[in-house]
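The exercises below are meant to be worked with the sequence and the structure side by side. Each one sets a task and then goes through a solution step by step.

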Amino acid sequence: MRALAGLVALVVVAAAGCSAEPEREGQRADVPDRSTPAPDATEGVEPELASFYTQTLEWRDCGEGFQCSTAKVPVDYADPGGDTLELALLRAPATGDNRIGSLLVNPGGPGASGVEYAQLAGSVVTDQVRERYDIVGFDPRGVAQSTPVDCVDDAQLDEYLASDATPDDDAEITELEESTLDLAEGCAARSGDLLPHIGTADVARDLDILRAALGDEKLNYLGKSYGTFIGALYADQFPDRVGRLVLDGAIDPTLSGDDLGLGQARGFERALSSFLTWCFDQDDCALGTSEEAARATLAGLLRQADEEPLATDDENRPLTESLAFYGIILPLYLTADEGYEPLNEALDLALTEDDGTLLMTFADLYLERNSDGTYNGNANEVIGLVNCLDHPEQATAEEAQAGLAEFTAVSQVFGPFLAWGGFGCTVLDEGLAEAGVGDSDDSSDDGESGDPTATPGPTATPHPPVTAPGADPILVVGTTGDPATPYEWAQSLAEQLSSGVLLTYDSTVHTAYLAGSDCIDDAVDAYLLAGTVPDEGTSCAS
């Protein structure tokens, strides 16, 4: 349990999901020198958008040295004179006098709160970067405090997240379909007008408005995991406004939904191999002493939970197969010292005592569920909606079943959970359409990227390569054993970007900056503080 306590603390920091919401009604902050829009804010901007680019942000003291504000953006960039929404912002002002500008940060998701992330500024960047930059977190449109998408209540969300995501027969396929349709119905009823406009292409456009309103001529940005997708699309849409962009734990925008799922299956499989190597050196490895047997045992545990969920300390919440999956993958996001011992303890309890309590604890941490049954934020609702907008390929149940063998060949443990993504998007899209929610796609295009977002349906094509021609150097960071955003994605993104520079971390942790490597931290800091990129082929050991 000591290991569990350490894991909980680490995950809270990493997820940035348990920070207290800042007080937003404080006294006006005295920061006139940092509230003036960039002098060339409207250069190259459509006249209809000029008022958004020249808005003055009103900052308020929201406690503990932070300042809060909101920025106005159009709901639909194709109709900038129509409805607007407000993006929540939180700023940790630079601690030194020699300020460079603002550093916008995003922790990933889709659905994670940048406001809560910025509240952990001391864990987001080094002290040296804190001295020179205002660290600014923003909640993307539809997320947390920025006109949040709402689909179901907490009890319904419990049921949805615990439902069977790996159907074995027609009856279970029908159950999965009905569960997804219920979610779609709730999303349409509560947030229907916003849903077509929460895709990443629109988030990237919001980022440029924030840049201008913060008074920066170019965007300085730290994006992790999904946050790299936001940064990559920004660079492709606005290459001449790229400042210092760090894309850590990169996503390859050109991949289809199935390609992303297969990549993650491989990533988690590598992470599992790393865990097993560690585990076999212990005296009490819960999964035995051989790789083949260990994988079979773990897959068997998931099948057992599928047939009869494991008991937990809450008799009303047994550990289902889906919840066990979340509980297993959470420690694999972390380093061996942080995650492996707790995972071994949890698996030992589940395998020897049919007790799923510890795996349920990890699942709840991953899903940001509190002990009282509430959830921090709305990431569990946002993630599927945004992913299906960004990667709108569709699949019938028959097509998903046909592709199952490929996913299972990649990982018998994790593959089955990632094989049904296309089917889920198909059902979600159909449910939203039946409820009268547009095409449920993000069809806006800024006219600069040459990339209108693909429309949903069988004819949808992958996103073209992001090249950002003429952009200043962009630092792409990849971890060789990253379980969630495989290293190959970082390699691909760095190659696509005309000015991409790849920095490699030889480790198994998810994202590299401030993950325990002075080598990585020094390289990222040199880029953020002086614009110095590492030499080609630079790699840091864990």
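**Exercise 1.** Which residues does Val-524 touch, not counting residues up to four places away in sequence?

*Solution.* Before starting, note that this is a predicted model, in which local features need pLDDT of at least 70 and side-chain atom pairs count only at pLDDT 80 or more, while totals for chains, interfaces and linings use all residues. Residues are numbered from 1 along each chain as its sequence is written, and side-chain values use heavy atoms, with hydrogens and water left out.

Step one is to place the residue: Val-524 is found in helix H20 (residues 518–530), where helices (H or I, at least four residues) and strands (E, at least two) are DSSP runs numbered from the N terminus. Step two is to list its partners, taking contact as heavy atoms within 4.5 Å: Val-524 touches Val-246, Leu-475, Val-477, Leu-503 and Tyr-513. Step three is its accessibility: with a relative accessible area of 0%, Val-524 is buried, a word that means under 20% relative accessible area, whereas exposed means over 50% and partly exposed lies in between (1.4 Å probe, protein chains only).

**Exercise 2.** Describe how helix H8 and helix H9 cross, and which kinds of residue meet there.

*Solution.* Two packed helices are described by the angle between their axes and the distance between the axes. Here the axes of H8 (residues 200–213) and H9 (residues 226–237) come within 8 Å and cross at roughly 70 degrees, the axes being lines fitted to C-alpha atoms over the stretch in contact, with angles running from 0 to 180 degrees between N-to-C directions. That makes H8 roughly perpendicular to H9, since angles of 65 to 115 degrees count as roughly perpendicular, under 35 as roughly parallel, over 145 as roughly antiparallel and the rest as oblique.

The residues of this contact divide into nine nonpolar, two polar and three charged, where Ala, Val, Leu, Ile, Met, Phe, Trp, Tyr, Cys and Pro count as nonpolar, Asp, Glu, Lys and Arg as charged, and the others, Gly among them, as polar. Among those in H8 are Val-203 and Leu-207, and H9 contributes residues including Phe-229 and Leu-233.

**Exercise 3.** Where in the chain do the partners of the salt bridge between Arg-369 and Asp-158 lie, and are Glu-488 and Arg-270 buried or partly exposed?

*Solution.* A salt bridge is a side-chain nitrogen of Lys or Arg within 4 Å of a carboxyl oxygen of Asp or Glu, and by this rule the count comes to 13. In one of them, the closest N and O atoms of Arg-369 and Asp-158 are 2.8 Å apart. Arg-369 is in the loop between helix H14 (357–367) and helix H15 (379–390), and Asp-158 is in helix H6 (residues 154–162), 211 residues apart. Both Arg-369 and Asp-158 are buried.

The side chains of Glu-488 and Arg-270 meet in a salt bridge at 2.5 Å, N to O. Because Glu-488 lies in helix H19 (residues 487–496) and Arg-270 in helix H10 (residues 257–280), the pair ties together parts that are 218 residues apart in sequence. Glu-488 counts as partly exposed at 37% relative accessibility, and Arg-270 is partly exposed at 32%.

**Exercise 4.** How many of the 10 residues of H19 are buried?

*Solution.* Seven of the 10 are buried, so H19 is largely enclosed by the rest of the structure. The buried residues include Trp-489 and Leu-493, and what covers the buried residues of H19 includes H9, E7 and H10.
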